[in-house]
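Colleague: Please take a close look at one part of this protein, the second largest pocket. Which residues lie nearest its centre, and which salt bridges do they form?

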Amino acid sequence: NYWDAKVNLMQLDAQGNISGVREINMQPGASYVENNRPTREEHWQYRQRWPHSHCIVTEPYASRLHFVSDLGLDKVFVYRVDMVAGAMRLRASVDLVAGRGPRHLVFHPTLRCAFVVNELESSVTVLQYRHIAAFAEGNPSGHAVEMSSFGESKSESILEEMQVISTLPHEWDGRGSINADGVWKAASHASEVRLHPSGKFLYVANRGHDTLAVFRVDDNSGMLALVDYEPTGGKCPRNFNFDRSGRLLLVGNQDSNLVSSFFVDMSSGRLTPADSLSVPSPNYIYAVPTSAEERAPLHDNFIPASNISQEQCKASSPMSLSPMIPQMQIPQFAHVSVVEPATGAAVSLSVPKAA
């Protein structure tokens with residue numbers, strides 16, 4: 001939970017359905033919420049006054065350690081699940097550079113590195129992942145170790161900072177405004193970060209600049225190089241996602257009530273606008289798997305589709321049933337679920353799937 005920084009362990013039944021909450025872990029300092037009942041106005045004025053657990057991701061190398069990025073504390077917490085006790089065990093906390101506001105993180109499937117999008121600074125941090133046997137193997141319990149991703153002790157950390165790169169053009173550095181209450185707010189904040197299914201490109205959404213920043217991932221180091229900034233076709237691109245082929249990308253422009261779609265150039269990572277669909281305040285986009293094969297990890301089953309010409313891209317519409325799609329042989333979404341935050345309702349978008 002973002003607001004009160006609670007990390008919950010859910011109990012599943014034999015069918016894989018959630019049957020209850022097994023355990024609730026509140027990050028240190030998050031009791032401020034329960035004790036002081038802060039308002040949303042206070043939250044926007046002081047984004048880092050208390051902890052904000054923003055996401056949890058499992059590393060893909062052993063699938064034993066779970067990483068929680070905390071925007072309020074500028075930390076990443078490392079957990080392991082005790083399968084016998086049915087409890088989460090905190091194994092480490094990793095300091096990131098103060099003031100950046102780590103929002104989401106994603107691991108590269110093969111390069112042993114992670115990418116953290118920093119909401120408050122509009123940047124991406126590339127972190128080297130270091131396997132520490134004491135954390136991932138043996139007894140899951142033990143004393144939690146405090147680490148730092150930067151500074152003199154970074155070489156001993158499970159996450160070590162390798163690079164920081166802005167998600168905005170230089171002319172947007174320092175842009176912002178002061179509201180009626182005297183609170184300064186940046187003109188743009190980074191939101192979602194996604195790694196392309198091929199592992200070759202990284203994308204970050206900029207709310208305010210209203211673009212997707214496109215980066216190429218170095219094949220050996222995981223370091224990033226800017227490719228382009230692509231306008232998302234609407235305001236406040238809060239979330240986006242790929243189809244299984246990696247050739248189609250959908251963006252939820254929350255403040256424009258619009259989902260925009262783009263074709264992905266598989267050689268450069270650049271985006272070509274394709275189509276759009278009106279959806280009330282799209283908050284999250286997820287590709288619903290339609291088979292056991294699609295539910296498998298992307299990097300294990302990723303097979304690039306054949307080359308598609310720009311003419312074919314322009315002639316086809318990913319938001320409608322186009323006769324061009326079967327000819328193009330793109331294994332696209334059967335459905336896309338978009339969550340409307342005000343009501344929590346999910347809207348299913350039907351898009352073409354190759355025959």
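Modeller: What follows describes the pocket first and then the salt bridges. This is a predicted model, in which local features need pLDDT of at least 70 and side-chain atom pairs count only at pLDDT 80 or more, while totals for chains, interfaces and linings use all residues. Residues are numbered from 1 along each chain as its sequence is written, and side-chain values use heavy atoms, with hydrogens and water left out.

Rolling a probe the size of a water molecule over the atoms shows where empty space is left. On a 1 Å grid over the protein atoms alone, a pocket is an open set of points where a 1.4 Å probe fits, with protein on both sides within 12 Å along at least five of seven lines; lining residues have an atom within 4 Å of a point. The second largest pocket has a volume of about 570 Å³, a volume being the space filled by probe spheres set on the points, which are joined across faces, edges and corners. Its lining consists of 27 residues, and Trp44, Arg103, Glu119, Arg207 and Arg238 lie nearest the centre. Helix α2 gives the most to this lining, with three residues; helices (H or I, at least four residues) and strands (E, at least two) are DSSP runs, numbered from the N terminus.

A salt bridge is a side-chain nitrogen of Lys or Arg within 4 Å of a carboxyl oxygen of Asp or Glu. Side chains of opposite charge can pair when their charged atoms come close. Arg207 forms a salt bridge with Glu119, with the closest N and O atoms 3.2 Å apart. This pair links distant parts of the chain, since Arg207 is in strand β15 and Glu119 in the loop between β8 and β9, 88 residues apart. Glu119 also meets Arg47 in a salt bridge, at 3.1 Å from N to O. Here Arg47 lies in the loop between α2 and β3, 72 residues from Glu119. Arg47, Arg103, Glu119 and Arg207 are linked in a network of salt bridges.

Buried means under 20% relative accessible area, exposed over 50%, and partly exposed in between (1.4 Å probe, protein chains only). Glu119 has a relative accessibility of 2% and therefore counts as buried. Arg47 is buried because its value is 11%, and Arg207 is buried because its relative accessible area is 14%.
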